[in-house]
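I opened the model to look up a few helices, strands and pockets, and I kept notes as I went along.

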Amino acid sequence: MLVRTLIRPLSLWGLWWDAILLLRPAFSRLRSFLWFAIIVAGLTVRTELAGVTSIIRALDLQPRLYNKLRDHFHSSALKLDRLSALWAQAVLRLFPAPLRVNGRLVLVGDGIKIGKRGKKMPAVKLLHQQSDVNTKPEYIMGHSLQAVSLLVKAAQSVFAVPLAVRIHEGLVWSNRDRRTLLDKMLDLLGILDINGAFYFVADAYYAAHKMVNGLLKQGNHLVTRVKSNAVAYATPELKGSRTRGRPLLYGKKIKLKTLLQDKKSMQKIASRVYGEHDVTLQYRVCDLLWRPIGRVVRFVAVVHPTRGSCLLMCTDTSLEAAEIIHLYGLRFKIECCFKQAVRQIGTFAYHFWMKGMTPLRHRNGNQYLHRHSSDYRNQIKRKVHAYHVHIQAGVIAQGLLQYLSVVFPKLVWASFGSWLRTIRPGIPPSELVVANALRQTLPEFLLGSSKSNSLAKFIADRQDKQNMRTFRLAA
């Protein structure tokens with residue numbers, strides 16, 4: 001007896017669905033998972049960043065489902081920390097070549113401030129922005145968030161795949177809470193539960209003993225920049241027999257900026273920074289005692305011919321200086337990730353207000369909640385949970401676009417259905433291109449898979465049959 005094996009042809013939405021199925025254990029009910037999948041799909045294919053209504057329009061859902069979709073962001077059936085951990089595991093499973101240095105993964109962390117003027121939005125506070133751009137105001141009202149991304153190799157480039165983003169300022173739940181942004185970043189890394197050691201690359205704000213000790217305790221290392229006024233110490237030298245008193249812990253004090261003065265002692269290396277060719281860097285390496293943690297770390301003084309100089313630090317003294325420079329040069333990839341999240345995905349375009357909240361004043365600071373009733377505090381937590389669900393949905397939508405771009409670029413271009421002036425061979429398509437390809441193939445997925453795919457059936461049963469704009473645009 002012959003058994004016929006049916007091979008399902010590859011489709012972008014089929015691959016998308018297989019990937020998001022890895023997150024099913026984070027939901028207590030299947031229906032909740034399908035509603036979350038609808039949210040991620042809507043964020044992926046929408047052409048406007050107008051909140052929940054744009055998701056309704058992008059998928060041609062019935063208008064009466066607006067309240068149901070909005071309520072899902074507040075649902076307790078979604079376990080947020082579990083979802084973030086599963087997404088981190090899924091990224092390591094889906095992407096074939098995560099960047100590794102010395103056998104370690106490379107994670108990038110940074111903060112971002114998003115403007116919000118809602119008087120009844122929890123965690124909105126006055127924020128200071130440090131920027132040299134004239135169009136960026138020095139002070140804004142908004143949400144302060146911290147994010148973690150994983151670096152992934154893709155052909156000739158590197159992607160920063162977002163893993164998790166959380167609001168880490170604006171709310172004080174207890175007057176005994178002394179946690180700083182560094183503590184909360186360490187907590188966020190703990191939520192992700194990365195299986196394996198990693199390098200954490202961040203800017204100079206994270207060059208602190210609390211961050212270093214927290215990473216070293218878990219067997220991880222920090223690569224960062226230090227300020228120009230930072231100091232370190234040489235290893236103390238023992239002269240003759242030991243005398244009475246406490247032995248020296250630190251030797252000669254060294255101002256790190258002096259490492260940049262002696263150009264003759266510097267070595268030269270070709271720059272590996274993205275977009276630079278025929279550029280030579282000068283650098284000098286010194287292993288010195290750093291007093292905040294009381295141990296030897298590696299400092300690298302780097303001089304760029306046009307961009308000036310900087311001082312880098314790595315807690316792993318076995319890592320070569322060239323790799324330290326290269327890793328810190330890749331830190332800007334998270335800025336590209338933020339740009340796509342803001343302009344393409346709309347990760348931070350949420351508009352959930354809390355009706356019973358005490359209105360905020362202009363230039364308001366932190367909101368202290370330890371004297372409020374438990375019911376009021378629970379309402380605040382429910383609203384912040386909705387913000388984080390929207391943000392995590394945007395993170396997953398962006399990561400899935402990057403996954404299809406890196407692993408299936410030919411299929412993306414075959415489904416693009418539009419024209420682009422410059423298509424560079426060997427370069428993975430952007431999130432914009434992948435989103436357009438998914439938008440073009442959505443009608444075919446809904447019509448052809450409504451009987452075999454649970455998501456397609458779930459969407460098709462809730463569409464407004466009298467206003468099918470998606471199908472008309474595809475036609």
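I began with helix H2 (residues 30–45), helices and strands being DSSP runs of at least four residues (H or I) and at least two (E), numbered from the N terminus. The expected span is 1.5 Å times one less than the number of residues, so the 16 residues of H2 should cover 22 Å, and the 23 Å between its end C-alpha atoms agrees with that. I then noted that 14 of the 16 residues of H2 are buried, where buried means under 20% relative accessible area with a 1.4 Å probe and protein chains only.

I should record that this is a predicted model, in which local features need pLDDT of at least 70, side-chain atom pairs count only at pLDDT 80 or more, and totals for chains, interfaces and linings use all residues. Residues are numbered from 1 along each chain as its sequence is written, and side-chain values use heavy atoms, with hydrogens and water left out.

Next I turned to strand E4 (139–154), which is largely enclosed by the rest of the structure because 14 of its 16 residues are buried. Which strands pair with E4, if pairing requires at least two DSSP bridges? I found E2 antiparallel to E4 over nine bridges, with Gly 109 bridged to Val 148. E3 also pairs with E4 in the antiparallel sense, over four bridges, and Leu 126 has Met 141 as its partner. Strand E5 (residues 157–167) is antiparallel to E4 over ten bridges, and the two form a hairpin with two residues between them, where Ala 155 in the turn has a positive phi of about 55°.

Key. Buried < 20%, exposed > 50% of the residue type's maximum accessible area, 1.4 Å probe, protein only. Pairing = 2+ DSSP bridges.
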